[in-house]
Amino acid sequence: MAGGAASGGSAASDTYAKARHWLLLPSWVVVGIFVLAPVLMMMVYSFLTKEFRGGVIWEFSLSAYDQFFFDRGLFGDEPAKIDWTYIAIFWRSIWQAGAATILSLLIGFPTAYFIATRPEKNRAIWVFLITIPYWVNLLIRTVSMKFLLRDQGPLNDFLVNIGLIDTPLHIINTNLAVQLGLFYSYLPFMVLPIYASVERYNFALSEAAADLYATKWVTLRRILLPAVKPGVIAGCILVFVPSLGAFLAPDLLGGAKNFMIGSLIEEQFKGNAGNWPFGAAISMILLTMVLTILLIYARQQRQAEDLS
Amino acid sequence: MKFLTTSAMALALMANAASAEGNLVLYHWFEYMPQALLDKFTAETGITVTMDTYDSNEAMLASLKAGGLGTYDLSVPGDYMVAIMAGEGLLDTIAEGELSNKGNIAAEWADPSFDPGRAHSIPYQWGSTAFSVDTTVYDGDINTTDILFNPPAELSGKINLLDSQGEVLAMAALHMGIPQCSTDRDQLKALNAMLMGAKAHWASFNSDTAKEVLVSGDAAAGMIYDGFAAKARAEKDTLQYAFPTQGYVVWMDNVVLLKDAPNRENALKFMDFLLVPENIAAVSNYARYASGLSGTAEFLDPELASLPEANPPAAAGAGAFIEVCDKATQAVYDQIWTNVKK
Amino acid sequence: MSAKTDVKTFFGFKGITLLCLVILYAPLIVVTLYSFNASKSITVWEGLSFHWYLDVFVGPESAKFKQAALNSFVIAIVAATLSTAIATAAATAIVRGGKFRLRTASLGLISLPLMVPEIVTAVATLIFFNSIGFTRGFLTILVAHTAFCIPFAYLPIQARMQGIEDTYEQAAMDLYATKTQAFRRVLLPLMMPGIVSGFLLAFIVSLDDFIITNFVKGAGVETLPTAIFGSVKQGLKPNIMAISTMLLAVSIMMVTISYFVSKSDNTK
């Protein structure tokens with residue numbers, strides 16, 4: 001999802017140059033009004049005063065950000081201390097998303113590599129097999145995962161039946177369940193970009209290395225990996241970024257102890273808290289984090305392109 | 001492309017136009033209204049009922065204040081929330097004579113303190129909130145609030161709390177023996193500290209899955225409403241509902257007429273429908289709570305009268321309604337709740 | 001074995017690939033199987049039955065799910081149609097509009113919904129509709145879906161258009177076709193595979209969306225994902241598995257169509 005900024009390719013043709021502004025107008029209007037304007041409005045809201053349960057008062061206030069970073073005691077009159085709770089929720093989200101990314105990489109890289117080294121006519125069918133589950137409703141996939149992982153669910157039944165374990169594993173409502181859920185949600189995002197770069201890789205380089213008596217693993221690490229690094233990084237970003245703001249996996253697979261950013265934001269609007277400016281402020285912080293990651297990525301991409 | 005767009009537009013209109021003549025939009029608790037009763041209302045009046053659900057009074061209030069007002073006709077707040085909503089100006093007034101079945105309201109519920117003279121509401125159901133414990137996990141005395149706030153080792157880490165500020169904080173006040181709207185700083189600090197300590201023993205905050213987590217065994221003890229507890233026990237008979245000696249929460253849910261209701265006439269018709277003993281008894285039979293009408297006895301499931309969840313033992317503490325605090329005090333309680341949830 | 005394949009093959013990679021497929025498909029297969037379970041309980045298998053499929057269509061909750069399905073499909077069709085039309089116009093300007101100042105900015109704007117986390121878009125849209133006093137309902141979902149589907153429709157369309165040399169249109173215009181004619185008679189037919197892919201992608205993305213819909217939906221307007229989410233909260237029931245299986249079939253059908261459309265495109 002991230003890095004979606006399509007390059008647009010080279011502007012080779014100018015056949016419709018005269019009409020270009022009219023052609024772009026609908027997308028400017030629709031995305032501008034219904035995505036860009038709302039995000040700007042949200043930024044404004046994060047600096048407003050909260051009304052008692054839901055809604056805002058149009059008065060400038062920094063209290064939403066203050067609540068995020070500082071603890072001023074029960075009555076709001078103690079000296080400000082740094083409040084670690086919300087930072088901890090962000091940290092947990094980063095950690096969960098990171099674990100899911102690593103898990104996806106461990107499974108996704110060999111898969112992508114394997115597919116890319118199949119005979120050319122078979123590759124499309126492998127890619128097709130990998131992408132189908134992604135097109136199944138995310139909610140349904142998460143629910144299926146929940147069903148599969150239950151204490152008395154099919155996975156545990158299976159493991160007990162083949163005698164691998166004696167008592168069912170307790171996975172549901174743990175961090176592991178959330179990580180598995182995120183991993184499952186975004187695994188194809190890891191496979192596809194890596195596949196694309198391995199496919200482009202020139203295996204003559206590996207053969208040359210092998211001729212110089214490099215072992216296969218050394219060749220993989222020293223020759224192939226640097227060459228396909230852009231694909232690996234793209235895959236990691238594509239898994240990490242949506243995992244960071246995920247709502248369904250933590251909500252359905254984790255218990256309350258696995259509160260992540262998505263649930264924290266949802267609670268401010270749909271739940272008990274009804275604190276809109278705070279919800280807007282958390283969203284702004286999340287957005288800033290994601291855009292920073294994308295910006296760094298885009299800059300490195302450009303540098304890599306300049307080099308080559 | 002043009003054909004596609006036109007047919008898509010036609011489809012969109014179709015989806016929107018569904019029964020424009022007689023609608024009623026109900027904002028209701030989850031799993032609390034039997035579909036059969038709504039179908040009966042539709043059969044009698046031709047009015048289509050759309051129902052949206054919420055899982056706590058506070059969530060309903062937040063949603064209504066966040067642009068929900070003007071889209072719903074009726075909602076079903078608990079006692080204290082009726083008072084808060086009236087204070088916020090979210091309720092419409094039912095004029096004298098607009099409800100023909102108002103006389104069916106039982107005398108003790110006809111003029112409650114949270115809505116004097118029933119100007120905005122009619123009674124729906126009433127019951128209690130405490131907690132259920134799986135007696136196969138813990139077989140000691142369960143009739144104490146210690147189960148939630150200072151639990152035995154067997155239950156620690158296996159407790160589900162309702163995701164409802166009013167109920168959790170009222171229960172905590174009963175546990176500590178302090179007023180619900182305390183302004184005493186030491187009491188408030190002690191309350192906050194007690195909850196922070198208790199939090200380590202809790203597994204989750206869930207209202208709409210309060211029954212499910214107990215039945216599935218994900219939680220071994222959980223805060224729950226009495227009728228919901230009866231349903232849970234029907235699915236797993238080792239679950240027992242507690243009546244703590246320190247006291248428990250009692251509540252009455254009420255159907256209120258919302259301000260700017262888009263279908264005010266139909267809303268009043270539905271209120272009148274719910275004031276018919278036979279109809280409200282169907283809710284009681286389904287949800288396992290008591291109604292606030294007289295004359296329901298002959299329609300009730302005989303089993304209801306003897307439900308252990310509805311009959312507190314002699315040793316039980318007093319039932320307490322949730323109180324409405326003034327805004328300054330409420331701000332401190334909101335802060336405590338934020339601390340609990342984060 | 002030749003030295004060439006030797007360099008390429010790594011021990012265990014095939015196993016991991018198969019494991020990957022098992023992980024991807026196991027939950028879906030399990031749910032499909034259990035949707036045919038005769039038992040009311042989701043934990044015990046009591047034999048094959050279509051009972052839950054019948055329940056979806058005539059059971060007590062059928063009215064709710066039928067309305068939700070109708071809403072979902074209407075919204076997905078309309079949103080995908082509108083966003084595909086908008087994306088086609090935009091792609092024409094970007095790919096065939098020469099170099100101009102707003103080109104990069106326009107690309108950035110179009111891909112904005114891809115870069116902003118979904119939950120943030122959801123919150124922002126809710127705040128926006130609320131502050132302009134737009135009553136939440138069917139229309140708010142439709143508008144929000146149209147906006148965030150644009151980049152999904154745009155990507156395959158742009159990719160396709162870049163692959164088409166503009167010599168075809170130039171040739172048509174040399175034969176005195178107007179620009180509009182060249183666009184409609186030459187470019188548009190050539191772009192059809194890209195447009196169909198874009199439409200299907202947007203359609204599925206709209207059908208799939210839960211988070212944004214959950215925030216902007218109004219009183220009683222449910223789509224399939226929000227209705228399913230509401231039901232799932234109270235425990236996974238077999239009728240939900242039956243609905244899931246049917247949605248699964250729809251998704252697989254769409255992807256298969258899209259696969260063959262793009263394949264026929266490659267063989268040209």
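**A helix contact between chains A and C, and a kinked helix in chain C**

In this predicted model, helix α4 of chain A (residues 120-131) packs against helix α2 of chain C (residues 13-34) at an angle of about 40°, and the two axes lie 9 Å apart. On the chain A side, the contact is made by A:Trp126, A:Leu129 and A:Ile130, while α2(C) brings in C:Thr17, C:Leu18, C:Cys20, C:Leu21, C:Leu24 and C:Tyr25. Sorted by character, the residues of this contact come out as eight nonpolar, one polar and no charged. In general, an α-helix has 3.6 residues a turn, so residues three or four places apart point the same way.

Further along chain C sits helix α8, covering residues 138-162. With 25 residues at 1.5 Å each, α8(C) should span 36 Å, and its end C-alpha atoms are indeed 36 Å apart, so the two figures agree. There is still a bend along the way: α8(C) has a kink of about 35° at C:Cys149, shortly before the proline C:Pro151. As for its surroundings, 20 of the 25 residues of α8(C) are buried, so the rest of the structure largely encloses this helix.

How far does the predictor trust all this? For the complex, it gives an ipTM of 0.85 and a pTM of 0.85. Chain C has a mean pLDDT of 85, with 93% of its residues at 70 or more. Among the elements of that chain, helix α4 (residues 62-96) has the highest mean pLDDT, at 92, and helix α1 (residues 3-8) the lowest, at 58. Over residues 1-5 of chain C, pLDDT stays under 50, and the model has one contact beyond four places in sequence for that stretch.

Key. Residues numbered from 1 in each chain as written. Chains lettered and ligands numbered in written order. Predicted model: local features only at pLDDT ≥ 70, side-chain atom pairs only at ≥ 80, totals over all residues. Heavy atoms only, no water. Axes fitted to C-alpha atoms, helices over the stretch in contact; angles between N-to-C directions. Helix = DSSP H or I, 4+ residues; strand = E, 2+ residues; numbered from the N terminus. Contact = heavy atoms within 4.5 Å. Nonpolar A, V, L, I, M, F, W, Y, C, P; charged D, E, K, R; others polar. Expected span 1.5 Å × (residues − 1). Bend = angle between axes of the 7 residues up to and from the residue. Buried < 20%, exposed > 50% of the residue type's maximum accessible area, 1.4 Å probe, protein only. pLDDT = per-residue confidence, 0-100.
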